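Got your viewer open? Load the model, colour it by chain, and follow along one stop at a time.

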Amino acid sequence: MSEDTQRKTPTIELRHVEKHFGDLHVLKDVSLQVEKGEVLVLIGPSGSGKSTLCRTINRLETIDSGEILIEGKPLPQEGKELAAMRAEIGMVFQQFNLFAHKTILENVTMGPVEVLHVDKKKAEQEAMELLRRVGVAEQASKVPAQLSGGQQQRVAIARSLAMHPKAMLFDEPTSALDPEMINEVLDVMVELAREGMTMVVVTHEMNFARRVADRVEFMADGQILEEGDPNEFFDHPKTERAREFLESIKGH
Amino acid sequence: MSAADSVSMRDALYEAPGPRTRRRIVVGTVVSSVAIVAIVAWVVARLYEMGQFDSRYWYFFAQWSTWRFLLMGLAGTAEVALCAGAIALVLGILFMLGRISHNRVVSTVFRVVINFFRGIPSLLLIYFFFLVIPSYGIKMPSFWMLTLPIALTASGVLAEVFRAGVNAVPKGQREAALSIGMTEGKVMRKIILPQAIRYVIPSLISQLVVVVKDTSVAYVVSYPDLLQNARVLISNYDALVSVYFVVAIIYILINYAINQWAVNLARRSGAKVVTRSQENPV
Amino acid sequence: MSIQELFSLYGGMYVKAYGATLWMTVVSYVGAMLLALLVTIARVSPISPLRKVGDLYVQIFRNVATISLLIIFYYAFPYLGVVWSEQTCVIVVTVLVAASFGSENFMTGINTIGVGQIEAARSLGLSFRQMLKNVVIPQALRSSVLPMTNLLVAVMLTTAIGSQVPLDPQELTGLVSYINTMSVGGILPFAVSAVLYAGTAFLIGLAGNAIDKRVRILR
């Protein structure tokens with residue numbers, strides 16, 4: 001594959017994705033592309049389907065119809081192929097979801113050791129480096145419950161990074177955090193974006209979106225209503241829904 | 001843990017199947033269904049071969065007198081179970097209060113008492129009431145020789161259930177009540193106990209199942225409960241398998257109903273529910 | 001009867017009876033754990049007939065009166081051409097009943113893990129087997145230590161149903177009724193059995209708490 005065609009293949013692509021939860025139509029004909037190194041922010045009122053959309057990308061949610069392509073290849077449906085694809089895409093959850101029975105260090109090394117078959121010593125070295133990078137190296141031998149929410153979320157990011165992912169998905173990474181801890185997590189994410197990580201971020205943090213997003217997608221009622229440059233979107237939203245939504249979150 | 005939770009976790013363990021997995025599930029469903037039907041068919045065939053479907057083993061179930069007799073037995077079971085349950089409730093609270101007493105001697109004594117009654121089989125205690133107590137010249141009707149031992153063993157378990165409930169009441173409640181001038185005793189009676197009991201109601205109901213199961217040794221003291229009356233039926237009609245089968249089903253249905261009651265109550269209350277890790281399945 | 005008399009007459013029988021109780025307890029517990037594991041696997045499997053059979057199993061055996069089950073196995077099964085020894089009957093009944101409670105404990109253990117950690121394991125690329133091995137089973141086991149020690153005590157108490165069939169050697173409860181029919185024993189024979197039961201239960205409880213303290217998962 002030549003350099004030229006590779007650049008043209010988006011890292012993540014959704015084509016006409018549809019999904020229902022029972023009677024509820026949660027994703028309506030959603031199409032989008034994320035280029036390599038791009039930071040895409042999904043924004044919208046709760047229940048708009050943005051989290052669901054984010055979770056379909058590594059098949060934590062299935063879709064009814066449409067296509068999801070990772071580097072041009074369809075997202076596998078099951079088995080080893082699906083696991084291998086997931087190993088290449090990091091995921092950070094709202095509730096951190098660290099493994100409660102493992103130390104911080106073990107949380108970070110589990111993926112590399114089990115899935116990538118990295119030598120344990122080597123995995124630990126790299127894990128310590130990552131933990132240092134996100135600022136929680138001193139906590140390495142503790143268990144998740146002993147850490148603050150912000151610290152746990154930074155560990156969760158390190159856990160994903162240890163897999164050397166091609167792209168990372170962030171599903172409302174700061175929504176479960178106390179206000180004073182939000183920035184320590186956002187700082188790590190800004191840093192990642194600067195280094196060129198391909199990111200899909202579901203968030204309400206407007207300042208973060210303005211600072212690092214290459215593109216913002218505004219979702220409501222399962223549809224993408226607006227797409228564009230973050231500053232353009234925040235300053236001059238085109239749709240009434242977006243204006244209302246931005247007005248409602250400005251109150252904070 | 002409510003049934004709703006367990007269903008969701010069950011589904012979470014396996015992710016939504018892809019086409020290959022779906023085929024495997026279909027195959028597994030067919031194979032396991034065939035196996036289950038085959039096993040049931042084999043058992044039924046075997047029972048048939050043994051003549052267990054012969055009408056002489058079943059005709060008396062069409063007679064009202066049979067059911068009336070079983071229902072009388074069931075009433076006996078219910079009387080013992082409810083009476084033992086009520087006594088255990090009161091004793092359980094008393095034992096628990098003794099156990100959490102600030103007086104070291106009192107709390108140690110009750111700790112021993114609770115662990116003693118939790119740690120012995122109700123059957124052993126029934127033999128104590130049946131064989132030992134009369135040898136000291138104390139006469140007791142069979143009802144009490146059954147009810148008291150069941151109540152005592154249950155009270156040991158309930159004391160621990162209540163203690164878990166009391167521990168679950170937030171510390172601030174006690175401090176707030178003390179700060180408005182309530183005495184320690186009043187705080188316990190008016191503030192802590194009512195909340196603790198509410199937390200453990202589903203556990204109390206589940207414990208009723210254990211009590212009902214315990215009553216089934218009533219024949220040891222010749223008290224007419226469900227199982228004892230069933231034995232009478234068996235000797236009258238010489239129909240052992242069919243009668244025991246029906247009686248086992250009755251126990252299962254009653255206890256299932258009690259358990260569902262506890263589950264529904266736990267779900268409906270929506271509030272915090274404290275369960276002791278495990279009831280005693282004797 | 002004095003305690004010296006009791007022990008000189010029946011001491012050997014107590015040792016045997018205690019041994020029988022412990023032996024049946026251990027065998028039943030191991031059997032119950034294995035069966036509980038199988039039942040739990042069936043209950044969480046994606047194959048719905050297996051799930052239903054697993055659920056039905058638990059509902060039947062946690063709700064049936066244990067004594068009625070023993071009577072069925074010991075007195076009714078011979079009519080169906082199945083004849084088992086007394087001890088086998090006691091152990092099988094105890095296993096069947098305890099497995100239903102054991103499976104409930106395992107299910108509770110699985111429930112405490114939460115969907116989130118499973119999704120996290122999945123999104124790291126762990127296979128189903130790796131997820132079970134690294135995330136689900138260790139947590140389910142570690143959080144069911146206390147319920148499972150309570151179940152061990154319950155299994156020991158359940159073996160007292162052995163007193164309802166002519167077991168040889170007798171277990172602790174049967175022995176008390178035997179001694180009382182042989183001689184006017186008074187409170188002593190009962191007290192010896194009771195102390196052995198309660199003392200063993202207490203020790204099991206202590207061990208369970210110690211293990212739990214070491215492996216408990218902070219949440």
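Before we start, one term: a residue is called exposed when its relative accessible area is over 50%, buried when that value is under 20%, and partly exposed in between. Keep in mind, too, that this is a predicted model.

**Stop 1: a histidine in a loop of chain A**

Select His117(A). You'll find it in the loop between α4 (104-114) and α5 (120-134) of chain A. Is His117(A) buried or exposed? Its relative accessible area is 63%, so His117(A) counts as exposed. Now look at the backbone: phi of His117(A) is near 55°, a positive value in a residue other than glycine.

**Stop 2: another histidine**

Next, jump to His164(A), in the loop between α6 (149-161) and β7 (167-171) of chain A. Phi is positive here too, near 50°, and again the residue is not a glycine. With a relative accessibility of 54%, His164(A) is over the 50% cut-off and therefore exposed.

**Stop 3: into a strand**

Now pick Ile89(A), which sits in strand β6 (residues 89-92) of chain A. Its relative accessible area is just 3%, so Ile89(A) is buried. What does Ile89(A) touch, leaving aside its neighbours within four places in sequence? Show Ile57(A), Ile70(A), Pro165(A), Ala167(A) and Leu169(A), and then add Ser123(C), a contact from chain C. For a sense of distance, draw a line from the C-alpha of Ile89(A) to that of Asp23(A): the two are 66 residues apart in sequence and 30 Å apart in space.

**Stop 4: where chains C and A meet**

Time to show chain C and chain A together. Here 20 residues of chain C are in contact with 24 residues of chain A. The size of an interface is often given as the accessible area lost when the parts come together. For this pair of chains, that is about 1,900 Å², with 62% of it on carbon and sulfur atoms.

How many salt bridges does the rule find across the interface of chain C and chain A? There are two. To see a salt bridge, select Lys133(C) and Glu114(A): their closest N and O atoms are 3.5 Å apart. The rule also finds eight residue pairs in polar contact across this interface. On the chain C side, highlight α5 (115-123) and α6 (128-143), the elements that give two or more residues to the surface touching chain A. Sort the residues on that side by type and you get eight nonpolar, seven polar and five charged.

**Stop 5: a cis proline in chain C**

Stay in chain C and zoom in on Pro169(C), in the loop between α7 (145-158) and α8 (172-182). The peptide bond from Asp168(C) to Pro169(C) is cis, with omega near 0°.

**Stop 6: inside chain B**

Switch to chain B and select Thr153(B), part of helix α6 (residues 142-168). Thr153(B) has a relative accessible area of 8%, so this threonine is buried. Not counting residues up to four places away in sequence, Thr153(B) touches Phe117(B), Ile120(B), Pro121(B), Ser122(B), Leu125(B) and Asp214(B).

**Last stop: two cysteines**

Finish with Cys83(B) and Cys89(C). Cys83(B) is partly exposed, because its relative accessible area of 22% falls between the two cut-offs. Cys89(C), at 0%, is buried. A disulfide is a covalent bond between the sulfur atoms of two cysteines. How many disulfides are counted over all chains? The count comes to zero.

How values were computed:
Residues numbered from 1 in each chain as written. Chains lettered and ligands numbered in written order. Predicted model: local features only at pLDDT ≥ 70, side-chain atom pairs only at ≥ 80, totals over all residues. Heavy atoms only, no water. Contact = heavy atoms within 4.5 Å. Buried area = accessible area lost by both parts, 1.4 Å probe. Salt bridge = Lys/Arg side-chain N within 4 Å of Asp/Glu carboxyl O. Polar contact = N/O pair within 3.5 Å; in protein donor to acceptor, adjacent residues only side chain to side chain. Helix = DSSP H or I, 4+ residues; strand = E, 2+ residues; numbered from the N terminus. Nonpolar A, V, L, I, M, F, W, Y, C, P; charged D, E, K, R; others polar. Disulfide = S-S within 2.5 Å. Buried < 20%, exposed > 50% of the residue type's maximum accessible area, 1.4 Å probe, protein only.
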